[in-house]
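Please open the structure in a viewer and keep the selection tool at hand. The tour below proceeds one selection at a time.

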Amino acid sequence: MAKGVVLITGSNGEIGHSLIDRIAEAGRNQVVSLDLTPAPEALRGKCLASYTGNIMDRYLMDQIAAHHEIDAVFHLAALLSTRGERDPELAHQVNVEGTLNLLRVAQQQSARLARPVRFLFPSSIAVYGLPDVATKKEAGRVGEDEWNIPVTMYGCNKLYCEHLGRYFTRHHRQLGALSTMARLDFRALRFPD
């Protein structure tokens, strides 16, 4: 049986490096990596393919999808809080439009493969908008759906993309002729940055 293919965006970050190592060690899947900068040689050797490029490049995304039957996407690429506050428009483009582009590609893969493609999206503590330490103390343990009023562009982007993922999983093209096509299996994983 052929091994599944996992696409990792933002693969040159700390989590991406660890993820490539873990998937390669497990040996059940092959990795296709994508980042703005070339992957180090040691990591490229653990990947089926390694691409250098931008998640906003629709042509590149379509080429990756055309060359690989992607079973899962680990979407780690993002413009984080500090940079996002300096350039909110760019943060929106990368974080929202780039994610939307990947969701589109994953949805097309789901339809092509006639099964859901898993889309794993690490969220962030930035989606919670607790304004100060006193409020944090008073709130105590915060539930997943509480305080979803982010105060940074990055947090707004992440929360919105979680909603996009749920839309692509449950409602994508619900009113159109393609409403019965395979949907994504989107999972937002929250952990502190």
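Is F186 buried or exposed? Select F186 in this predicted model. At 10% relative accessibility, F186 counts as buried, because buried means under 20% relative accessible area.

**Stop 1: the aromatic cluster**

A search of the whole structure finds three aromatic pairs. Add F121 to the selection: the ring centres of F121 and F186 are 5.9 Å apart and the planes meet at 35°, so this pair is tilted. F121 belongs to strand β5 and F186 to strand β6 (residues 185-189), so the pair ties together parts that are 65 residues apart in sequence. F121 also counts as buried, at 2% relative accessibility. Now add F119 to the view: ring pairs link F119, F121 and F186 into a cluster.

**Stop 2: another ring pair**

Select Y167 and F168. The centres of these two rings are 5.6 Å apart and the planes are at 90°, so the pair is edge-to-face. Is F168 buried or exposed? F168 is buried, with a relative accessible area of 6%. Y167, by contrast, counts as partly exposed at 33% relative accessibility.

**Stop 3: the paired strands**

Return to β5, which spans residues 118-122. Four of the five residues of this strand are buried, so β5 is largely enclosed by the rest of the structure. Next, select β4, residues 70-75. How many of the residues of β4 are buried? Six of its six residues are buried, and the strand is mostly covered.

Show β4 and β5 together. These strands pair in the parallel sense over three bridges. Two positions help to follow the pairing:

- A72 stands opposite R118 in β5.
- V73 has F119 as its bridge partner in β5.

F119, seen here in a bridge, is also a member of the ring cluster of the first stop.

Now select β1, residues 4-9. Which strand pairs with β1 over five bridges? The partner is β4, and the pairing is again in the parallel sense. V6 has A72 as its bridge partner in β4. A72 can therefore serve as a landmark for both pairings, because DSSP bridges define which strands pair: A72 is the partner of V6, and A72 stands opposite R118.

**Stop 4: a buried serine**

Move past the end of β5 and select S123, which lies in the loop between β5 (118-122) and α6 (133-139). S123 counts as buried, at 1% relative accessibility. What does the side chain of S123 contact? Select E162 as well: the side chains of S123 and E162 make a polar contact of 2.2 Å.

**Stop 5: the cavity**

A search of the whole structure finds one cavity of 30 Å³ or more, and the volume of the largest cavity is about 30 Å³. To display its surroundings, select H75, A77, A78, N95, T99, F121, K158 and C161, which line the largest cavity. F121 thus appears in this lining as well as in the ring cluster. Which helices each supply at least two residues of the lining? They are α5 (88-113) and α7 (153-170). By class, the lining of the largest cavity comprises four nonpolar residues, three polar and one charged.

**Stop 6: a pocket**

Turn to the second largest pocket, which has a volume of about 230 Å³. Select the residues that line it: I125, A126, Y128, G129, L130, K136, G140, V142, V151 and T152. Six residues of this lining are nonpolar, three are polar and one is charged.

**Stop 7: two positive phi angles**

Select A114, found in the loop between α5 and β5. A114 has a positive phi of about 60° although it is not a glycine. Is A114 buried or exposed? At 64% relative accessibility, A114 counts as exposed, because exposed means over 50% relative accessible area.

Finally, select W147 in the loop between α6 and α7. The phi of W147 is near 55°, a positive value in a residue other than glycine. W147 counts as partly exposed, at 33% relative accessibility.

Terms used
Residues numbered from 1 in each chain as written. Predicted model: local features only at pLDDT ≥ 70, side-chain atom pairs only at ≥ 80, totals over all residues. Heavy atoms only, no water. 1 Å grid on protein atoms, 1.4 Å probe; cavity = no way out; pocket = protein on both sides within 12 Å on 5 of 7 lines; lining within 4 Å. Points joined across faces, edges and corners; volume = space filled by probe spheres on them. Nonpolar A, V, L, I, M, F, W, Y, C, P; charged D, E, K, R; others polar. Buried < 20%, exposed > 50% of the residue type's maximum accessible area, 1.4 Å probe, protein only. Polar contact = N/O pair within 3.5 Å; in protein donor to acceptor, adjacent residues only side chain to side chain. Pairing = 2+ DSSP bridges. Phe/Tyr/Trp six-rings, centres within 6.5 Å; stacked < 30°, edge-to-face > 60°.
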